[in-house]
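Student: Hey, could you walk me through this one? I'd like to begin with the ligand.

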Amino acid sequence: MAAPFLLAIDQGTTSSRAIVFDREGRVVGADQREFNQYFPREAWVEHDAGEIWEGVLAVCRGALAAAGIGADELAGCGITNQRETTVVWDRHTGEPIHHAIVWQDRRTADLCRRLGDADTEAWLQAKTGLLLDPYFSATKLRWLLDNVPDARRRAEAGELVFGTIDTWLLWRLTGGRVHATDASNASRTLLFNIHEQRWDEELLAFFDIPPQLLPEVRDNAADFGTADAAHLGAPFPIAAMVGDQQGALVGQACFEAGMVKSTYGTGCFLVMNLGEAPVASRHRLLTTVGYRLDGRTTYALEGSIFVAGAAIQWLRDALRLIEQAPETERIAASIEHTDGVYLVPAFTGLGAPYWDPEARGAILGLTRDTGIEQIVRAALESTCYQTRDLVGAIGDDAITPTELRVDGGMVSNDWVCSFLADVLRIDVARPGVIETTALGAAYLAGLQTGVYGSLDEIARLWHRDRLFSPRRPAAEMDDLYRGWMDAVARVRSKL
Ligand code: ADP
């Protein structure tokens, strides 16, 4: 173990984690806890912000205990979080006025339709890099102001504050002294002008949001204040905040334009570093802040797939074709190909680059010979084909990558990594530490507190566990991919 230590709080959608890293980026202690999901209506998803805070404190204590260190041995703490999820609370009491509205929540779909036509959407994209979609914070915040009794009046009177989860945790850690966010989280709200790096009055007027609610926006590595000694036994500096996917971009040391990371958990998020020039996507990818350091913004292009590992959960829980996700590796490798079977896992519509919420899933190409092996393999292949959809779109918008850095639970599957390399025709690199999101937050905190001198120093800490290079002939893979595109065309709601 090499002191000093860095604490990363990784506040995710279904669980909160805390990890203590040493200066080499090795995990020296970790703890994790799930929390309740509330589904008050179809397509509504809420969290209890108070419960999240209690859980975060508990896992921080657990991680320090596991590492065998005290909070006084921390050089600093970095927070990374589920993005877009919206909390409003009372400035004086710290009490949330309502459950947090989670990024997955679709309650503002009608509002989005009412607010925007194609021209509006182009205007919003030009300022924010995003789409007019319930996914982002602005319409969630508007919903709270319009639906919680007295909320709008209290907001206008300056009694309430808004934050994404990073801001909420920071507020609680500092005993209400600091109301701030970082540029990567701000860039997911639809209220932040990514070119001017500030809250945008026209956007605030458009969404009818009182500016008094908003946190101050700081760099990703910055002085975010000091955590109260009461929480973990000693005060420590909060030195970084970053949205989860941008955290992974940093944790994967993708610091050069054209470098890409892709995270394969329940869904898949692919993020490319764009350097200092934001590119507007023609394929409905999102332009977003990758990270901002010393006031200089590095932009990123992002595409997401809703269902990646979730398709494997579906094979296990709904179809009961497997008992455990890792079995899929052996099953997929036991056959040469799927015999033309494709599985399109559009359970909740299709994400980038299609953005087709009405599309639904299908298994195509079934014959009498189709068995469990073909379907299992088709499910794994679907994640790889969808990644090629994204890499194709990103290449057309900006830069064709030469390597993909992967992480997330699904990439422990070697077969997936090697098929991915074959489909993409580029190298797929898997790092030693796949907790890249938390690692990114820790790196940023280390940068701020002088543990690391530069991004170059951090890049040198990135170690490859394994490299997967394309092996199967390009022509064969192109044929297979054409079959995938045909399958997607059959499930789309409109063409
Ligand atoms: P999240 O952070 O979204 O909860 P994780 O990064 O923990 O996700 O990854 C879990 C997902 O990865 C699950 O959906 C699971 O089905 C999938 N998964 C885990 N191990 C494997 C494996 N060996 N092969 C295929 N999928 C896997």
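**Around the ligand**

Tutor: Sure. The side chain of Asn-413 has an N or O atom 3.1 Å from a nitrogen atom of the ligand. That counts as a polar contact, a pair of N or O atoms within 3.5 Å.

Student: How much of the ligand does the protein bury?

Tutor: The protein buries 72% of the 580 Å² that the ligand exposes when taken alone. Those areas come from the Shrake-Rupley method with a 1.4 Å probe.

Student: Hang on, what kind of model is this?

Tutor: It's a predicted model, where local features need pLDDT of at least 70 and side-chain atom pairs count only at pLDDT 80 or more, while totals for chains, interfaces and linings use all residues. Residues are numbered from 1 along each chain as its sequence is written, and side-chain values use heavy atoms, with hydrogens and water left out.

Student: OK, back to the ligand. Which residues come nearest?

Tutor: Thr-266, Gly-309, Gln-313, Gly-409 and Asn-413 come nearest, out of 14 residues around the ligand. Being around it takes a heavy atom within 4 Å.

Student: What does the side chain of Thr-266 do there?

Tutor: An N or O atom in the Thr-266 side chain is 2.6 Å from an oxygen atom of the ligand. Thr-328 also has a polar side-chain atom, 3.4 Å from a nitrogen atom of the ligand.

Student: Which helix gives the largest share of the shell?

Tutor: Helix 11 (residues 309-317), with four residues. Helices here are DSSP runs (H or I, at least four residues), strands are runs of E, at least two, and both are numbered from the N terminus.

Student: New topic. How many helices and strands does the protein have?

Tutor: There are 17 helices and 23 strands.

Student: Where is Pro-353, and what's up with its peptide bond?

Tutor: Pro-353 sits in the loop between strand 19 (342-344) and strand 20 (362-364). A cis peptide bond joins Ala-352 to Pro-353, with omega about -5°.

Student: And what about Asp-150?

Tutor: Asp-150 isn't a glycine, yet its phi is positive, about 75°. You'll find Asp-150 in the loop between helix 4 (137-147) and helix 5 (151-156).

Student: Why mention those two?

Tutor: Because most residues other than glycine have a negative phi, and most peptide bonds are trans.

Student: Last one: what box do the C-alpha atoms fill?

Tutor: Roughly 65 × 55 × 40 Å, taken along the principal axes.

Note on methods:
Polar contact = N/O pair within 3.5 Å; in protein donor to acceptor, adjacent residues only side chain to side chain.
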